Amino acid sequence: MEVSEGQTLKHSPNNVMLSSSSTKATSSMADHVSLGNLHHHPNSQSSCFATSKPNHDNTHKCNHSPKIPRRSLVLLPASSLLLSASSSFAIDNSNASSSSTIDTTITDRIFMDFSICPSFFSNDRTLGAELATCPDSEPLGRVVFGLYGRLLPITTANFKTTCTTSAYRGTLVHKVLQGQFFAAGRQGSRRDKGVVQPPSKLVRNVETVDPKAYQLRHARPGTLSLCLEQNDDDDSIKLSPNYHNVEFLVTTGPGPCPELDDQNIVFGTVLEGMDVITSIASIPTYKPGERIQFFNDFAQLIGDERAQSARAMWDRPQKTVYISGCGELKVTKPSLSPPSLP
């Protein structure tokens with residue numbers, strides 16, 4: 001940016017002032033403004049900047065700028081573009097507290113007991129028997145989740161209802177991506193296959209189309225998230241007018257999973273039982289060979305429906321891990337800190 005002699009460019013936290021004796025210099029500076037320098041969050045009209053300190057609160061801090069449609073940018077004069085771009089870098093102290101903090105207050109606690117059923121694929125297994133009645137169950141342990149009910153009330157309420165009605169009980173952990181996450185809660189019509197039949201009390205989740213629901217990151221192990229992009233429900237189920245997504249994933253670590261951000265809704269975290277999460281993540285999974293992957297990719301390309309069915313077996317744990325019990329633990333005082341919970 002070139003500024004002619006005698007002109008100064010002043011910034012203040014609340015406004016932008018340009019001292020100039022003519023409008024020609026203003027137009028010259030505007031021509032050097034690059035819209036590519038404005039980084040926008042994919043689900044919001046906010047200008048986002050990385051802070052110099054690591055974000056340990058699992059929050060995404062943004063400085064909100066005015067919403068200007070792309071089509072309107074063509075009609076704006078160059079001087080207006082300069083003021084809009086400059087104001088994105090100016091922090092309004094009066095609005096900083098409301099835009100920089102995400103309410104991750106834990107309002108609900110849900111527990112899940114995970115177990116292994118060695119006889120699930122045995123020949124003498126009773127036909128139609130549900131996983132919840134596994135005769136030789138091997139407990140892995142209990143995981144306690146804290147839910148962000150103030151931030152995502154609908155997602156939290158649906159998850160809690162599915163747990164308290166025991167709809168998750170007997171559900172398979174059907175996918176484990178080692179070093180990333182595991183998923184459970186796939187829907188289906190046969191409970192003996194380890195799938196979920198959602199309760200009728202669930203509410204239509206409009207938060208899935210709200211950009212604010214995607215603010216939290218999958219930044220650490222033990223992050224609880226609603227599966228959207230990674231959802232494994234069959235298309236025939238998704239097309240139902242009464243469809244409710246209840247599939248969830250839990251990150252297993254050791255590092256963050258940025259590839260899950262902006263595609264799945266983070267609505268809770270693990271409070272207790274990370275050792276159980278680690279145990280599930282360490283179970284070997286089915287990995288297809290390169291030749292099988294090649295033929296599957298080709299079948300999917302030509303629209304063969306069998307490709308999706310075969311792909312559903314990929315990353316499935318070689319041991320039958322399932323949810324043997326689930327329910328709610330009452331919270332006496334909503335807080336982000338586990339010690340304040342009973």
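In what sense do strands S8 and S10 pair, and over how many bridges? In this predicted model, S8 and S10 run antiparallel and are joined by four bridges. One point of register is easy to find by eye: alanine 183 stands opposite leucine 249 of S10.

Strand S8, residues 181-184, also has a partner in strand S7, which covers residues 171-177. S7 and S8 are again antiparallel, with four bridges between them. Here valine 173 faces alanine 184 of S8. The hairpin that S7 and S8 make has three residues between the strands, and glycine 179 takes a positive phi near 85 degrees in it. Side chains in a regular strand alternate between the two faces of the sheet. In S8 both faces are covered, with Phe181 and Ala183 buried on one side and Phe182 and Ala184 buried on the other.

Just ahead of S10 in the chain, a loop between helix H6 (235-238) and strand S10 (248-251) holds histidine 244. Is histidine 244 buried or exposed? Its relative accessible area is 17%, under the 20% limit, so histidine 244 counts as buried. Beyond its neighbours within four places in sequence, histidine 244 is in contact with Gln187, Pro198, Leu202, Val203 and Arg204.

The cysteines make a good second stop. One disulfide is counted in the model, and it joins cysteine 117 to cysteine 134, with the sulfur atoms 2.1 Å apart. The torsion about this S-S bond is about 95 degrees, and the disulfide of cysteine 117 and cysteine 134 is therefore right-handed. Both partners belong to the loop between strand S5 (108-116) and strand S6 (138-147), and they lie 17 residues apart. Cysteine 117 is buried at 4% relative accessibility, and cysteine 134 is buried as well, at 12%.

Why does cysteine 326 not form a bond with cysteine 163? The closest cysteine sulfur to that of cysteine 326 is indeed the one in cysteine 163, but the distance is 4.8 Å, which is too far for a bond. Cysteine 326 is nonetheless buried, with a relative accessibility of 12%. Cysteine 257 is buried too, at 1% relative accessibility.

Two helices deserve a look. In helix H7, residues 274-281, the buried residues are Val276, Ile277, Ile280 and Ala281. Viewed down the axis of H7, these buried residues fall within an arc of 140 degrees, so they line one face of the helix. Helix H8 (residues 290-301) has twelve residues, and at 1.5 Å a residue it should span 16 Å. The C-alpha atoms at the ends of H8 are 16 Å apart, in agreement with that expectation. Just after H8, glycine 303 takes a positive phi of about 85 degrees.

A word on confidence helps in reading the model. The mean pLDDT of the protein is 75, and 68% of the residues reach 70 or more. Over residues 1-99, pLDDT stays under 50, and the model has 99 contacts beyond four places in sequence for that stretch. Residues 338-342 likewise stay under 50 in pLDDT, with 13 contacts beyond four places in sequence.

Notes. Residues are numbered from 1 along each chain as its sequence is written. This is a predicted model: local features need pLDDT of at least 70, side-chain atom pairs count only at pLDDT 80 or more; totals for chains, interfaces and linings use all residues. Side-chain values use heavy atoms; hydrogens and water are left out. Helices (H or I, at least four residues) and strands (E, at least two) are DSSP runs, numbered from the N terminus. Buried means under 20% relative accessible area, exposed over 50%, partly exposed in between (1.4 Å probe, protein chains only). Contact means heavy atoms within 4.5 Å. Two strands pair if DSSP finds at least two bridges between them. A disulfide is a pair of cysteine sulfur atoms within 2.5 Å. The expected span of a helix is 1.5 Å times one less than its number of residues. pLDDT is the predictor's confidence in each residue, from 0 to 100. The arc is that of the directions from the helix axis to the C-beta atoms.
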